[in-house]
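Hi,

Here is the structure I promised to send over. Have a look at it first, and then read my notes below.

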Amino acid sequence: MKKLFFKLTYSLVLALLVAVSGFGQRTITGTITDAETGETLIGANVLVVGFDVGTITDIDGNYSLSVPEGATSLQFSYTGYTSQTVTIGASDVIDIVLSAGELLEEIVVTGYGTQTKKEVTGSIVSVKSEDFNRGNVNSPQQLLQGKVAGLTITRPGGDPNGSFGIRLRGLSTIGAQTEPLVIVDGVPGASLSNIDPMDIESIDVLKDGSAAAIYGTRGSSGVILVTTKKGKKGTSKIEYNGYIAAESISKEPAFLSAAEFREAGGIDAGGSTDWYDEIGQSGITHSHNLSLSGGSEKTTYRASMNFRDARGIVVNTGFSQLNGSLALTQKALDDKLSVNVNFITTNRKSDFGFSEAFRYASIFNPTSSVFKEDGSYNEPGGFDVFNPVAMVEQNINDGERTQLLTNIAATYEVIPGLKIMGSFAKQKNDFFRGEYYPRTALYRQGQSRNGVAVRQTDIGKNDLYETTARYTGESGNIIYTVLGGYSFQEFTFEGQGITAGGFLLDNNTYNQIGASAEVLTGLATPFSYSNGYKLEAQFGRVNINVDDTYFFSASVRREGSDRFGEGNKHGIFPAASAGIDISKLSEISGVDNLKVRLGYGVTGNLPGQSFLANSIFSPGAQFFYNGAFVPSYGPTTNANPDLKWETKTEINLGIDFALMDFKITGTLDLFSRKTEDLILFTRVPVPPNLANFTWKNVAAFTTSGAELALTYNNLIGTENLTYSPSLIFTTYNSVLDEYLEDTPSEFRTNLGAPGQNITDAGVGLHLLEVGEPIGQIVAPNFAGVDENGAYIFEDVNGDGAIDAADWTVQGNGLPDFELSLNNDFTFGDWDLNLFFRGAFGHKLVNTNRAFYEINPDIKGANIVRTDLADPNVKTASYNSVHVEDASFIRLDNASLGYNLDVSDNSNFQNVRLFIAGQNLFTITGYTGVDPDVRLADTGSVDNGGRTGGADPLAPGVDRRNTYFLTRTLTFGVNVGF
């Protein structure tokens, strides 16, 4: 199927690219001027509607444009001005007068509706498709990275199957739902991985509580609203977008080469192996998107098919993905009835591979060979030592995910201004994962257990029913909109899996569970689960616009969930915000717009699991009965009928401004938010409780910060050259106000084996402390090296012992501030974009250095030697020297495009060729492979173990298993016909 899709796509594009014929055309000229001053506008855009053929005005405001046959209208636009669309008549001269105000009339999606930008009173950012990041973009998260103040998106390393961490204005909970709620075409709880980046029209981010409160229980971490592309009436268009990209390792850690290892006195095994080369491959990605769109007065449509194949830089890693979408709108009953149908489905087959291969490629003796003389893999054995080539070539770790999102919505205008909408949506997510470790594999007990197979299946489904009534009316100079609605969403989750060993053959890998000796003897470890929950809500909102000067919005949502205790199933989440356009009240020289906003909102957060308010029974639990603990099938947690919503209360003060005829535009936001009643797994006394733990509302923290977005439109604006830079700045700080009862502070996060399980000594990499910032990294202070090559630590309190009291704060895993700079250039038919992104002030624990930056007397494994290394150290022991400043600035993305002149060929509406690069260079003092922020820690893993859940209270740990960072070069084409 994939090959057929490629052949059809390439054949169609190739045939159209070579089609040449002569067609009638005409040249239209004119001048564009400012309505108020009468001055000509330099660099104004003139576009042939439906053809993507255009030009810009020269230094005198004049333009000349060859118009293809069949063109019916021209669109005129200029930054800060309201655009105009004019029908082409008999005259070849069209002069245009533009009025200021385009930016303020921009449509912003606000949740259950839209507003113009001038009316928005909450903190909302809208990013259009033309402003997205470009190049080798395989995930919607990459489109937004660095584009929204306050929105942090990270994915350390270049794993093609790796997930992105997303945080909006820092941490909003320390349980589940740390990432924003995603809403796709009005459907909450959707998955970004089900949307192809090429199909997205715009992304709106609701940042503050007043904007997000309309979504109640799931709005605490913010809301991301995705609007997919739709057809447009009066057009008919076929588009192809494709590219091919090549990835390579951008930086390797400073481990010794074979020659350096011998020179340092390492055990010489007689070979010379570059283990990174041995496990590596060319990371080639190709992507193809074909779409058909158009419409009439009554019907619009858009259908697309997308195929992506991405290979990682490690053998047997990557994915193949096929995605299809359909959007259909039909009007009827004199256009009073509008029916919208959307369908999106994605199938993704992944080779997950083993990111641990980087770790073992780093430390494996570089003078060893890959294979022994008998052809078997060279496996020396021992704790936490594995041949990385054997790991990636012998073993299997793959999976397949199929996702579906379909929704239908009907809107009927009962009377002018009153519209009633009803909608139904269904989402489904099926996931399968299989692993196999053959009988010859040392890794994960494949050899010792005669092969190990793992199979797991997970299915998630949810149905959504919503109805709203909206009335928009006017009274004098007041425009108001009143909204009321009802929402019901039901979620179900089920899954099963098994791990089993003992096979006679390896041929059928994980598809031979029934032949497992461990299954037959009862030693296999199966599991299964089934759970779900329901959400039911009523909500309302009113928006008021008084003379385009005073703006007000208020909303409330009452929501109930069966995940809480009997008396706390419902919560009420109110919000209110207001704005004043001061520039309408007083004329200020050079100021075109100055709006001050103030917002207040309360949002909630659901726990990540069902049944937390109930007593959970499990096998092997100890049951307290008749004054003693009895091993049995008993409770592991106690019931808590008082368990209730986490709530976040937020105040936001914002200023939107435009200066110098809208040349300079920007937004400044100051915010403070407090999250209370956080749900944590809390140890309780037994008796009177039956179990040792209860889920309770016991913690709180406060986050405050500032955000600035600034754009200079056409800093350079001439006939042939324009330049528009944009700057985004973010800073925030989260402080722990309350924590577990009787626990004002707590060490957490283990370093791991070999030899550094520091939690066994009652310490950790992080210190969580009431009254202090979240994310504190701690360590003993370096004080020297003794004659035996062991570290000496500072005795901070002078008690003669090095213990927990001597572990001091070395910095924070979260940055002091983040910065991005976008630079857009156009010169003739060329366009250039340079996007820089950086984070400053954060620390990283460099675990490679903590374990391997030593100089032992006998070197059987490789060691790391950075510029910070002390050659006298012989014994590994984590301390302050391993906590590094990881501030960086990176050329994240650069693209150069050329728009071919297709005005003489009506077969084409546009043809654009481009080349792009990602992660082209990084400026940093950090000695590891990637200085990017680690928002959470997955824990220590060694000797084939598995990672656990990510801990959001432990940012800033650069683990040894981190997939290496990659550099990407992309070539692509965009064709419209």
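Are Arg 444 and Glu 435 buried or exposed? Both Arg 444 and Glu 435 turn out to be buried. They also form a salt bridge with each other, and the closest N and O atoms are 3.7 Å apart. Before you read on, please keep in mind that this is a predicted model.

**Salt bridges**

A search of the whole structure turns up 43 salt bridges, and I picked out a few for you. One of them is between the side chains of Asp 185 and Lys 230, at 3.1 Å from N to O. Asp 185 sits in the loop between β13 (181-184) and β14 (187-188), and Lys 230 sits in the loop between β16 (223-228) and β17 (236-249), so this pair ties together parts that are 45 residues apart in sequence. The two ends don't have the accessibility in common: Asp 185 is buried, with a relative accessible area of 19%, whereas Lys 230 counts as partly exposed at 32%. Asp 185 falls in the buried class because the cut-off for that is under 20%.

Then there is Arg 748 with Asp 951, whose side chains meet in a salt bridge at 2.9 Å, N to O. This pair links distant parts of the chain, 203 residues apart: Arg 748 belongs to strand β37 (residues 745-748), and Asp 951 to the loop between β48 (910-924) and β49 (957-958). Asp 951 counts as buried, with 18% relative accessibility.

There is also a network: Arg 169, Lys 207, Lys 648, Glu 650, Arg 673 and Glu 707 are joined into one by salt bridges that share partners.

**A patch of negative charge**

On the surface, Glu 252, Asp 274, Asp 277, Glu 278 and Glu 393 gather in a patch of negative charge. Of these, I looked up Glu 393, which is found in helix α7 (residues 388-394). Glu 393 is partly exposed, and its relative accessible area is 39%.

**Strands and sheets**

Start with strand β2 (residues 45-48), where the side chains alternate. Val 46 and Val 48 point to one face and are buried, while Asn 45 and Leu 47 point to the other face and are not. On one hand β2 pairs with strand β3 (residues 53-56), antiparallel and over four bridges. On the other, four bridges join β2 to strand β5 (residues 73-77), and that pair runs antiparallel too. Val 46 is a handy residue to click on here: it stands opposite Thr 55 in β3, and Val 46 also stands opposite Phe 76 in β5.

What is the strand order in the open sheet of five strands? That order is β10-β15-β16-β13-β14, and the pairing is mixed. β10 (124-128) and β14 stand at the edges with a single partner strand each, so one side of each is left without a neighbour in the sheet. As for the partner of β14, two bridges join β13 to β14, and these strands run antiparallel. Val 187 in β14 is the bridge partner of Val 184. The loop between β13 and β14 is also the one that holds Asp 185 from the salt bridge with Lys 230.

**Backbone oddities**

Most residues other than glycine have a negative phi, and most peptide bonds are trans. Here are some exceptions.

- The peptide bond from Pro 687 to Pro 688 is cis, with omega near 15°. Pro 688 is in the loop between β33 (664-683) and β34 (693-712).
- Another cis peptide bond runs from Ala 753 to Pro 754, with omega near 5°. Look for Pro 754 in the loop between β37 and β38 (766-769).
- Asn 316 has a positive phi of about 60° although it is not a glycine. Its place is the loop between β19 (299-311) and β20 (318-332), and Asn 316 counts as partly exposed at 40% relative accessibility.
- Asp 384 also has a positive phi, near 60°, and is a residue other than glycine. Asp 384 lies in the loop between α6 (356-363) and α7 and counts as buried, at 3% relative accessibility.

Cheers

Technical notes:
Residues are numbered from 1 along each chain as its sequence is written. This is a predicted model: local features need pLDDT of at least 70, side-chain atom pairs count only at pLDDT 80 or more; totals for chains, interfaces and linings use all residues. Side-chain values use heavy atoms; hydrogens and water are left out. Patches are made of residues with over 30% relative accessible area and no salt bridge: like charges are joined within 9 Å, nonpolar side chains (Val, Leu, Ile, Met, Phe, Trp, Tyr) within 5 Å. Accessible areas come from the Shrake-Rupley method with a 1.4 Å probe; for residues, only the protein chains shown count as cover. A salt bridge is a side-chain nitrogen of Lys or Arg within 4 Å of a carboxyl oxygen of Asp or Glu. Lys and Arg count as positive and Asp and Glu as negative; His and the chain ends are not counted. The place of a charge is taken as NZ of Lys, CZ of Arg, CG of Asp or CD of Glu. Buried means under 20% relative accessible area, exposed over 50%, partly exposed in between (1.4 Å probe, protein chains only). Two strands pair if DSSP finds at least two bridges between them.
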